[in-house]
Amino acid sequence: MNVTSELKNRVLSGELLNRESILTLCQAPLDELCSAADEIRAHFCGNGFDLCTIVNGKSGRCSEDCKYCAQSAHYQTHVEEYSLLGTDEIVRQAKHHAEQGVLRYSIVTSGRKLGDADISQVCESIRAIKASTDIEVCVSFGLLDEAAFRKVKAAGASRVHCNLESSRSYFPTVCTTHTYDEKNETLQAARCAGLSICSGGIMGLGESMEDRIDMALTLRELGVKSIPINFLNPIPGTPFADNAPLSDEEKRRIVAIYRFILPNTSIRLAGGRGLIVDKGEGCFRSGANAAISGDMLTTAGITVETDLQLLDRLGYQARLWNE
């Protein structure tokens with residue numbers, strides 16, 4: 001029995017692989033690795049596929065210096081800038097996505113964190129969404145504390161998103177205006193407030209495969225069940241504008257290794273999926289079982305209609321994945 005098959009069987013039996021074992025997968029034959037990862041996905045998650053969309057609820061003028069981001073005020077990217085969208089527009093988009101068959105709708109805002117006035121306004125929007133649709137509401141409002149998250153939960157949100165972005169050791173290369181510990185504290189505060197948590201990162205920031213594995217191990221320690229995997233879409237004007245894009249093969253390998261590390265989670269293709277030649281189909285055959293559909297925050301995405309057709313062809317069923 002080869003190493004990939006041995007590790008697959010250990011995962012299927014319920015074992016959590018250690019870092020040393022996981023590193024051996026970096027050299028495994030790709031097709032063999034991806035096939036094994038898909039078996040793990042089917043065993044733990046079945047054919048459910050968690051589909052969500054996002055709305056850019058507040059754009060630009062961000063105080064943080066994340067080196068990949070078009071919305072940072074530190075860089076000249078010519079991104080559209082606007083304050084928090086009103087309730088009517090946020091609800092309009094929520095209804096539109098719900099009618100298309102989307103399961104989750106995430107409101108994402110730029111900035112270190114929303115202030116109290118914006119929290120009150122967006123809670124009104126969340127209550128209006130829940131009064132008029134059955135769609136689940138997720139939020140990405142920055143580094144909030146438990147008290148703010150309790151307000152968001154009381155309004156009707158069910159999940160909080162806050163990406164770790166990379167490993168603890170590589171994170172200072174990505175951002176210097178907040179810390180990895182602040183990210184962790186935000187996720188813990190959301191969980192203490194009774195919300196489920198969603199966290200992943202961006203691949204292609206210059207990190208190593210070891211960094212990617214270390215981030216996955218941190219996510220496993222935190223018990224995160226929704227894992228967005230973004231692939232860097234280099235934005236002109238940002239410090240990472242000239243980063244070489246990852247190959248489609250490396251993207252499949254990342255997804256497959258994540259499935260070995262995080263067998264019973266929702267591994268969600270997110271930003272940068274449109275850069276993949278097959279729009280992510282190979283990754284959905286390599287362990288991924290969720291996606292952000294439609295446009296991303298500042299870049300074009302893939303339509304919900306196209307994604308639903310893809311899911312049907314792959315034998316997936318759109319279904320909520322809950323912790």
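Okay, let's start with one small detail: the side chain of Asn56 makes a polar contact with the side chain of Ser59, at 3.4 Å. A polar contact here is a pair of N or O atoms within 3.5 Å; within protein, one must be able to donate a hydrogen and the other to accept it, and residues adjacent in sequence count only if both atoms are side-chain atoms.

Quick background: this is a predicted model, where local features need pLDDT of at least 70 and side-chain atom pairs count only at pLDDT 80 or more, while totals for chains, interfaces and linings use all residues. Residues are numbered from 1 along each chain as its sequence is written, and side-chain values use heavy atoms, with hydrogens and water left out.

So where does Asn56 sit? It's in strand β1, residues 48–58. Is Asn56 buried or exposed? Asn56 is buried, because its relative accessible area is 12%, and buried means under 20% (exposed is over 50%, partly exposed in between, with a 1.4 Å probe and protein chains only).

Now zoom out. The protein chain has 12 helices and 10 strands; these are DSSP runs, H or I of at least four residues for helices and E of at least two for strands, numbered from the N terminus. Of the 323 residues, 56% are buried.

What about contacts, meaning heavy atoms within 4.5 Å? Among those with a separation of 6 or more, 76% are between residues 24 or more positions apart.

Last, the overall dimensions: the C-alpha trace spans about 60 × 40 × 35 Å along its principal axes.

Notes
Contact means heavy atoms within 4.5 Å.
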